[in-house]
Amino acid sequence: MSRTTGESNRAHIGRFAPSPTGRMHAGNVLAALVAWLEARCSGGEVVLRIEDLDTERSRREHADALQRDFEYLGLHWDIGPIYQSERVEAYQEALSRLERQGLTYPCFCTRADIHAASAPHAGEKPVYAGTCRRLSADERAHKLPQGSAALRLAVPGRVIAFTDCLQGAFTQDLPSECGDFIVQRSDGNYAYQLAVVVDDAEQGIGSVVRACDLLGSTPQQIYLQELLGYGRPEYCHVPLLVDTTGRRLSKRNRDADMEALSARFKTPEALIGHIAALAGLIAPGEHANPQELTSLYSRTPLKGVSQILWA
């Protein structure tokens, strides 16, 4: 089923990167299916990476269930599972490189402080105002003994632009749309942005397939790649599956998690067929397994689509 070493066509390596905080849901299945097809249709391999850095919410039983779900669906991987929780030395080495460049600084702000100092951008999370970046060395020394601090990466006056293979051209002005972002949390855990950049580089990932809600984090990862001397993978952000209210599916949608999906569709072929039909690959009502879809896969039906109604 899987292995941790071996020769690979590294230019075509894709990945599954689930967080073990609950059962997989229909949106995860769509992203995983597209990731698998992108890799297989280019003759490549798939890495299974368990993103379990959130120690408060991650559970090994959830990681085991995710692997069983992938196997049930026929979404077989070639390398892994690789657990982020076992790779902290790699993240620390990358963080130390950023620190040696003088690009990080401690941040003592609480979530309430950040919300009070900055209005939310585009209805989303507020852009950090750079409050702690302006502290003097004496002020930082005074604050450090009072409690733990997060580490932020200072961003320059820079616009990052890239072309997503599904969503097209995307740009982000780092200071005004992102702000200095966290690379290590105040509890000592490494931030998602840093960890995935290190992992994708060291695991030779050439194709990053994930949901559209992470599109806005990609410029920050590209900036980190540049600072750390890594190459840039191809990005492919698939549409979000949303309910009738327009809210994206999540692990809270019990009627769309794997337990409910298995009960509703009865067979993995029926479930994969339904997901593939939503992606425009086959007609509604058809059954299919992932291997059968390799001859039918095309990006075209998904291009420019950011949401799909889950039905």
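These legends accompany close-up views of a predicted model.

**View 1. The whole protein chain, with its eleven helices and twelve strands.** The radius of gyration is 20 Å, close to the 19 Å from the globule rule for 311 residues, so the chain is as compact as a globular protein of that length. Along the principal axes, the C-alpha atoms fill a box of roughly 65 × 45 × 35 Å. Buried residues account for 50% of the 311. Take the contacts between residues at least 6 apart in sequence: 76% of them join residues at least 24 apart.

**View 2. The surface and charges of the protein chain.** About 14,400 Å² is exposed. Carbon and sulfur atoms supply 49% of that area. The chain carries 33 positive and 38 negative side chains. The centres of these two sets lie 3 Å apart.

**View 3. The largest nonpolar core, a set of 49 residues.** Phe16, Ile275 and Trp310 have the most contacts inside this core. At least two residues come from each of α1 (26-41), β2 (46-50), α2 (60-73), β10 (234-238), α9 (258-265) and α10 (268-278). Helix α1 gives the most, with eleven residues. In soluble globular proteins, nonpolar side chains tend to be buried together.

**View 4. Isoleucine 275 and its contacts.** Leaving aside residues up to four places away in sequence, Ile275 touches Ala26, Val29, Leu30, Leu33, Leu241 and Trp310. Both Ile275 and Trp310 are among the residues with the most contacts inside the largest core.

**View 5. A second, separate core of 33 residues.** Its members include Phe162, Leu174, Val183 and Ala195. Ala195 is also one of the buried residues of helix α7.

**View 6. Helix α7 (residues 192-202), a mostly covered helix.** Eight of its eleven residues are buried. They are Gln193, Leu194, Ala195, Val196, Val197, Val198, Asp199 and Asp200. The list thus includes two aspartates, Asp199 and Asp200. The cover over these buried residues includes strands β1 (14-16), β2, β8 (181-184) and β9 (207-211). Helices α3 and α8 (218-228) are also part of that cover. Just after α7, glycine 204 takes a positive phi of about 70°.

**View 7. Glutamate 93 in helix α3 (residues 88-100).** With a relative accessible area of 39%, Glu93 is partly exposed; the partly exposed class runs between the 20% and 50% limits. Glu93 and Val198 are 105 residues apart in sequence. In space, their C-alpha atoms are 9.7 Å apart. Val198 is one of the buried residues of α7, and α3 is among the elements that cover those residues.

**View 8. The cis peptide bond from glycine 80 to proline 81.** Omega is near 5° for this bond. Proline 81 is found in strand β3 (residues 79-83).

**View 9. Lysine 266 in the loop between α9 and α10.** Its phi is near 75°, a positive value in a residue other than glycine. Lys266 has a relative accessibility of 64%, so it counts as exposed. The helices on either side of the loop, α9 and α10, each supply at least two residues of the largest core.

Methods
Residues are numbered from 1 along each chain as its sequence is written. This is a predicted model: local features need pLDDT of at least 70, side-chain atom pairs count only at pLDDT 80 or more; totals for chains, interfaces and linings use all residues. Side-chain values use heavy atoms; hydrogens and water are left out. Helices (H or I, at least four residues) and strands (E, at least two) are DSSP runs, numbered from the N terminus. The radius of gyration is taken over C-alpha atoms; the globule rule is 2.2 Å times the number of residues to the power 0.38. Buried means under 20% relative accessible area, exposed over 50%, partly exposed in between (1.4 Å probe, protein chains only). Contact means heavy atoms within 4.5 Å. Accessible areas come from the Shrake-Rupley method with a 1.4 Å probe; for residues, only the protein chains shown count as cover. Lys and Arg count as positive and Asp and Glu as negative; His and the chain ends are not counted. The place of a charge is taken as NZ of Lys, CZ of Arg, CG of Asp or CD of Glu. A nonpolar core is a set of buried Ala, Val, Leu, Ile, Met, Phe, Trp, Tyr and Cys residues joined through side-chain atoms within 4.5 Å.
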